[in-house]
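The exercises below ask you to reason from a model to its contacts, strands and charged pairs. Work through each task before reading the solution that follows it.

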Amino acid sequence: FSKLCFHSIIIFKSIADKTQVVLNYQSIEAENASLRTIEPVGIFHDNNSWYVLGFCHLRNDYRQFRVDRMEGIKKTEISFTKEHDALETFLDKEKESPTTTVRLLVGKKISKYLSYEKNYHGFVSQKNVGDLVEMTFLSRDIENGFARWFLMYADYAEIIEPPSLKDRVLQLMDIYHQRLQK
């Protein structure tokens, strides 16, 4: 019986009963897990992971919680403190977050290896340009996510746009260069 199935049963029961759940949650930024009391709104899949969206009493705001980072979950008998919009309302707002158009020129031989992760980075289209493939993305995070992903195959690719991505990649390379020299 998987962690996802177990947590889903509790989350769906909580939503139906309109009762809170307590999570022992390990966020990516925190050193230790924290107890979170949430009012779950729904479960959704994005970027190869399952998430619970809920109103977090600790943060007094809506938050997303990755199911694989939940170290424990417990249903309570405490009723929701507020009426929540449908999950789709929150997901539609997420889709409206700003994106940046990114265009790359990638060697044809390496482009097939990018197909495994390109959709996680906002892939839109590609076209052949001689021995290269021009790939277009709509990225929500060129500062960290896209720039760091690009570095994995930067020796086979060229950034066409935006200039800010070029600057960020150079900055990351400089940081790493300085660390190597220590």
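**Exercise 1.** In this predicted model, decide whether asparagine 128 counts as buried or exposed, and describe where asparagine 128 lies.

*Solution.* Begin with the accessible area: the relative accessibility of asparagine 128 is 57%, and because exposed means over 50%, this residue counts as exposed. Next, place the residue in the chain, where asparagine 128 belongs to strand β7, which covers residues 123–129. Then look at its contacts: when residues up to four places away in sequence are not counted, asparagine 128 touches Lys108 and Val133. Finally, a distance: aspartate 167 is 39 residues from asparagine 128 in sequence, and the two C-alpha atoms are 26 Å apart in space.

**Exercise 2.** Work out the strand order of the open sheet of five strands, and explain why one side of β4 and of β5 is left without a neighbour in the sheet.

*Solution.* The first step is the order, which reads β4-β3-β2-β1-β5, with antiparallel pairing. From this order the edges follow: β4 (61–66) and β5 (70–79) each have a single partner strand, so one side of each lacks a neighbour in the sheet. Neighbouring strands of this sheet are turned by 45° against each other on average, with direction ignored.

The second step is to go through the pairings. Strand β1 (residues 19–25) is joined to β5 by six bridges, and tyrosine 25 stands opposite methionine 70 in β5. Eight bridges connect β2 with β3, where histidine 45 has tryptophan 50 in β3 as its bridge partner. Between β3 and β4 there are six bridges, and valine 52 faces phenylalanine 65 in β4. These two strands, β3 and β4, form a hairpin with four residues between them, and in the turn asparagine 60 has a positive phi of about 55°.

The third step asks what covers the sheet. Helix α1 (residues 3–17) lies across β1, β2, β3 (49–56) and β5, and runs at about 15° to β5. As for β3, seven of its eight residues are buried, which leaves this strand mostly covered.

**Exercise 3.** Arginine 36 is buried yet has no salt bridge; establish which side chain of opposite charge is nearest, and which polar contact the side chain of arginine 36 makes.

*Solution.* First locate the residue: arginine 36 is part of strand β2, which spans residues 34–46. Then consider opposite charge, for which the nearest side chain is that of glutamate 29, 6.8 Å away; because a salt bridge needs a nitrogen of Lys or Arg within 4 Å of a carboxyl oxygen of Asp or Glu, the absence of a salt bridge at arginine 36 follows. A polar contact is nevertheless present, formed with the side chain of serine 34 at 3.1 Å. To complete the surroundings, leave aside neighbours within four places in sequence: the residues in contact with arginine 36 are then Val21, Val22, Leu23, Tyr25, Cys56, Leu58, Arg59 and Phe65.

**Exercise 4.** The structure holds eight salt bridges; trace the network of salt bridges that includes Asp17, and then analyse the salt bridge between glutamate 143 and arginine 168.

*Solution.* Start with the pair of lysine 13 and aspartate 17, whose side chains meet in a salt bridge at 3.0 Å, N to O. These residues are four apart in helix α1, so about one helical turn separates them. Aspartate 17 also forms a salt bridge with lysine 75, with the closest N and O atoms 3.3 Å apart. This second pair links distant parts of the chain, since aspartate 17 is in helix α1 whereas lysine 75 is in strand β5, 58 residues apart. Lys13, Asp17 and Lys75 are thus linked in a network of salt bridges. In terms of relative accessibility, lysine 13 is partly exposed at 45%, aspartate 17 is partly exposed at 35%, and lysine 75 is partly exposed at 23%.

Turn now to the other pair, in which the side chains of glutamate 143 and arginine 168 meet at 3.5 Å, N to O. Here too distant parts of the chain are linked, with glutamate 143 in helix α4 (residues 142–151) and arginine 168 in helix α5 (residues 163–181), 25 residues apart. Glutamate 143 is partly exposed, with a relative accessible area of 43%, whereas arginine 168, at 11%, counts as buried.

Notes:
Residues are numbered from 1 along each chain as its sequence is written. This is a predicted model: local features need pLDDT of at least 70, side-chain atom pairs count only at pLDDT 80 or more; totals for chains, interfaces and linings use all residues. Side-chain values use heavy atoms; hydrogens and water are left out. Buried means under 20% relative accessible area, exposed over 50%, partly exposed in between (1.4 Å probe, protein chains only). Lys and Arg count as positive and Asp and Glu as negative; His and the chain ends are not counted. A polar contact is a pair of N or O atoms within 3.5 Å; within protein, one must be able to donate a hydrogen and the other to accept it, and residues adjacent in sequence count only if both atoms are side-chain atoms. Contact means heavy atoms within 4.5 Å. Two strands pair if DSSP finds at least two bridges between them. Axes are lines fitted to C-alpha atoms, for helices over the stretch in contact, and angles run from 0 to 180 degrees between N-to-C directions.
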